[in-house]
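Student: I have a chain open and a few questions about it. Can we go through them one at a time?

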Amino acid sequence: MGNKFNMIRKIVVFIVFLTSYQWTFGQARELINFNTEWRFVLDDDLRFRHADLDEQAWKPVTLPHDWSIGFDFGDYPAGNAGGALPGGIAWYRKSFQIPVKEKGKTVKIHFGGVYRNAEMWINGSYLGKTVNGYISFDHDLTDYLQFGTNKNVLAVRVDNSQQPNSRWYTGSGIYRDVKLEISHPLHLEKKETFITTPQVTTSAAALRIQSVLSQRETPVTVIFSLKNATKQVVAKKEVSSIRTAFDETLSVPQPKLWSPEEPNLYTLTIAMHDRQGKQIDELEYKVGFRTFSFDTAKGFFLNGKSYKLLGVCLHHDLGLLGAAFNKSAAKRQLVIMKEMGVNAIRTAHNPPATELLDLCDEMGFLVYNEAYDMWAKRKNKFDYHLDFNEHHIPDLREFIKRDRNHPSVFMWSIGNEIREQFDSTGIALTRGMAAVVKELDPTRPVTAALTETNYDKNFIAQAKALDVLGFNYKYFDYDKLRVEFNGFPLIAAETTSALQTRGVYDSVHDTIQLWPASGKEKHVTNGNADFTVSAYDNVAAYWGTSHERAWLEVKKRDFLGGIFVWTGFDYLGEPVPYPFPARSSYYGIVDLAGFPKDVYYMYQSEWTEKEVLHVLPHWNWSVGDVVDVWCYYNNADEVELYVNGKSSGKATKTDSTLHAAWKVPFEAGELKVVKYQNGKAIQETTKKTAGKPVDMVVEVEHDRYAVDGKTDMHFLTVSLVDENGIIVPDRDVELSFIPQDNITIVGTDNGYQADLAGLGRPTRKTHKGLAVAIVQKNNLEKEAKIIVKANSMEKEIRIK
């Protein structure tokens with residue numbers, strides 16, 4: 001281990017430039033959206049692979065598509081841990097034509113992700129099988145195609161029938177984008193293109209570009225051009241007589257560095273010309289320049305400065321969309337996280353959609369990119385452990401090659417809570433996978449999320465092949481880690497697992513309630529009859545703790561590079577602490593519908609400079625109730641609570657709590673909190689007792705989450721209000737979303753974790769006064785119209 005490990009013991013320093021690619025459209029290389037005009041059937045018959053099959057009776061679908069999310073929740077083999085939705089076997093078919101002018105070119109089909117066991121046929125010929133449900137893959141169609149007016153038929157069989165195969169909801173089907181790529185037979189190999197910066201300072205940077213040609217007989221000329229955000233060329237180079245591969249460097253003067261606060265991106269174009277000077281290929285990449293390092297004593301550094309990773313873990317589902325990826329819905333999640341103060345995302349626990357990484361590049365998020373949730377030892381009966389021995393190395397190679405050119409990706413994880421950490425098989429597996437990652441990308445550190453805090457029992461750490469160690473939970477062992485794992489940089493890879501239902505407030509206990517209390521109990525034994533959990537930060541799974549405690553323990557330790565909270569959003573499946581009918585998680589800082597829970601404002605008060613003053617709970621109680629009132633705030637010395645104008649005293653945060661608190665008898669009327677700095681009132685907020693719901697407020701959000709127009713979603717938030725416009729938190733009603741013109745209702749949600757109505761329904765009962773619908777315009781150029789109705793209330797909404 002010698003010199004390499006000694007270097008890591010002193011300091012792990014990585015100077016990186018990172019990129020994200022976008023393929024260009026044009027004569028040189030075409031990338032065609034292949035998401036439309038598919039046919040789908042939830043059935044299985046091998047005759048479906050034949051090109052001459054008539055599939056017109058099948059359902060027309062547009063990809064990305066998740067067939068499981070279209071059902072009501074129920075008692076299915078996946079269990080409620082798997083989202084309480086069905087799997088099964090289904091087929092997709094698409095017919096298409098290729099113009100004669102494309103004959104002689106290379107034609108490939110790219111799949112962003114299919115869950116799972118995807119088998120492909122083109123014109124009846126078998127292309128192969130991809131078992132991993134999260135890996136992107138492609139097939140070369142060149143030798144099988146017909147041109148001109150002749151029809152080509154692509155058939156895809158997807159098998160997600162063996163259940164349970166996951167600890168969370170996976171979705172089923174072709175749930176990410178599909179693209180058809182047409183290129184000159186002599187082209188650049190995208191998977192072999194790797195761009196790094198061996199040197200970065202604010203005065204100059206070196207940009208290294210490596211790639212391989214698809215054919216090696218004909219010499220070509222390659223022109224490299226780098227443009228800044230204003231499209232000015234800042235570096236250019238032309239190299240002739242390239243026959244097989246190239247390894248070239250550009251000098252870039254005074255680069256603007258990339259960071260979450262300033263995600264400065266450049267555009268690199270690699271254009272290839274034949275001997276006659278004709279351009280025959282072109283690739284385009286987004287480039288970010290930066291440096292980062294880990295230090296065993298002082299944590300993480302970005303661009304030479306100490307930088308705390310303020311992260312959350314995110315599963316791949318998008319709430320009511322299920323696993324079907326939509327870039328505007330993903331952007332909505334990231335915008336909500338950015339406004340909370342998040343600067344880093346952990347992909348839990350699998351490769352994400354590449355479009356999510358594009359967003360992180362552009363918006364400024366550091367990404368801790370994860371490959372596996374299990375290795376050869378299973379967590380579920382039918383999970384990836386069945387395929388691991390045969391597929392984990394080729395799948396890992398695909399993963400690293402796909403994502404290594406993204407500026408947002410700063411660290412690779414080869415596993416989460418892997419059971420091989422407890423026996424010696426973990427040593428060889430860790431070394432083998434770490435070596436593959438380092439071969440393909442020596443610029444970033446390799447980590448794994450671990451649970452064993454005793455070095456002698458942790459065989460993944462003993463492999464001494466990881467650059468950074470991540471530890472999940474067990475905050476009480478943080479100081480011990482520095483001794484047990486001396487020389488390794490450390491992060492809190494997963495923390496908290498606190499449980500909450502938005503808008504629900506049970507009496508606060510003196511200590512954190514553990515639901516369930518221990519590993520001996522599968523579910524909480526004394527929970528709420530309606531399967532809710534209090535939104536006070538006072539309940540956690542037995543392995544976790546409160547949000548406040550987890551953050552305080554990381555915040556005060558410089559040697560921990562950062563925190564990744566479990567989780568940013570609620571997600572489908574894994575509904576600890578309850579059995580069915582609970583069907584989605586309680587861990588999120590934001591609920592499944594996208595509504596922040598109260599603890600969101602604790603993080604915002606700690607992680608941003610925004611003026612935060614948030615009081616909870618609502619103020620609809622009964623006479624005689626004594627209510628726990630909490631307040632999250634920042635930038636102030638103290639806060640004061642008033643009930644109907646009468647002071648209940650001032651309060652402050654303490655060394656062990658990040659909120660102010662009072663116990664006060666309920667009086668109908670107004671609850672007000674005032675924030676003071678140097679004795680001066682600088683901000684106030686109120687909660688008022690609400691009456692009966694008499695109206696609805698419908699807010700339409702689109703612009704902040706827009707990405708490309710065609711696939712953009714519109715998000716309709718409905719609030720029940722009384723005659724004074726106050727949100728009514730305790731008298732929910734059934735809403736109907738009725739399309740009128742030029743609009744499709746994608747689905748509805750309310751954030752309640754035990755609502756069994758399918759998320760694709762156009763009706764939804766509000767939860768604590770709120771609900772959301774996601775809609776799309778059918779024609780982007782025309783106005784759309786929808787009616788929202790409940791009892792005697794009705795609103796007509798026009799979307800321009």
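Student: Which residues of α3 are buried?

Tutor: This is a predicted model. In it, the buried residues of α3 are Thr-354, Glu-355, Leu-356, Leu-357, Asp-358, Leu-359, Cys-360, Asp-361 and Met-363.

Student: How many of the helix's residues is that, and where does α3 run?

Tutor: Helix α3 covers residues 354–363, and 9 of its 10 residues are buried, so the helix is mostly covered.

Student: What comes just after α3?

Tutor: Gly-364, which has a positive phi of about 95°.

Student: What does UniProt place at residues 298–478?

Tutor: The UniProt entry, which is unreviewed, gives "domain: Glycoside hydrolase family 2 catalytic" for residues 298–478.

Student: How much helix and strand is in that span, and how far apart are its ends?

Tutor: Residues 298–478 are 35% helix and 21% strand. The end C-alpha atoms of the span lie 14 Å apart.

Student: Switching to Val-239. Where is it?

Tutor: Val-239 sits in strand β17, which spans residues 233–242.

Student: Why does Val-239 count as buried?

Tutor: Because its relative accessibility is 15%, and buried means under 20%.

Student: What is Val-239 in contact with, apart from its neighbours within four places in sequence?

Tutor: Val-220, Thr-221, Val-222, Phe-224 and Glu-248.

Student: And Glu-189, how far is that from Val-239?

Tutor: The C-alpha atoms of Val-239 and Glu-189 are 17 Å apart, with the two positions 50 residues apart in sequence numbering.

Student: Now the whole chain. How many helices and strands?

Tutor: The protein chain has 9 helices and 47 strands. Its radius of gyration is 27 Å, close to the 28 Å from the globule rule for 800 residues, so the chain is as compact as a globular protein of that length.

Student: What box do the C-alpha atoms fill?

Tutor: Roughly 85 × 65 × 55 Å, along the principal axes.

Student: What share of the residues is buried, and what about the exposed area?

Tutor: Of the 800 residues, 61% count as buried. The chain exposes about 30600 Å², and carbon and sulfur atoms supply 47% of that area.

Student: What share of the contacts joins residues at least 24 apart?

Tutor: It is 72%, taken among contacts between residues at least 6 apart in sequence.

Student: Last one, charges. How many of each sign, and how far apart are the centres?

Tutor: There are 94 positive and 100 negative side chains, and the centres of the two sets lie 3 Å apart.

Conventions: Residues numbered from 1 in each chain as written. Predicted model: local features only at pLDDT ≥ 70, side-chain atom pairs only at ≥ 80, totals over all residues. Heavy atoms only, no water. Helix = DSSP H or I, 4+ residues; strand = E, 2+ residues; numbered from the N terminus. Rg over C-alpha atoms; globule rule 2.2 N^0.38 Å. Buried < 20%, exposed > 50% of the residue type's maximum accessible area, 1.4 Å probe, protein only. Contact = heavy atoms within 4.5 Å. Areas by Shrake-Rupley, 256 points an atom, 1.4 Å probe, with all protein chains shown as cover. Lys, Arg positive; Asp, Glu negative; His and termini not counted. Charge placed at Lys NZ, Arg CZ, Asp CG, Glu CD. UniProt positions renumbered as here; feature names shortened; annotations may be inferred.
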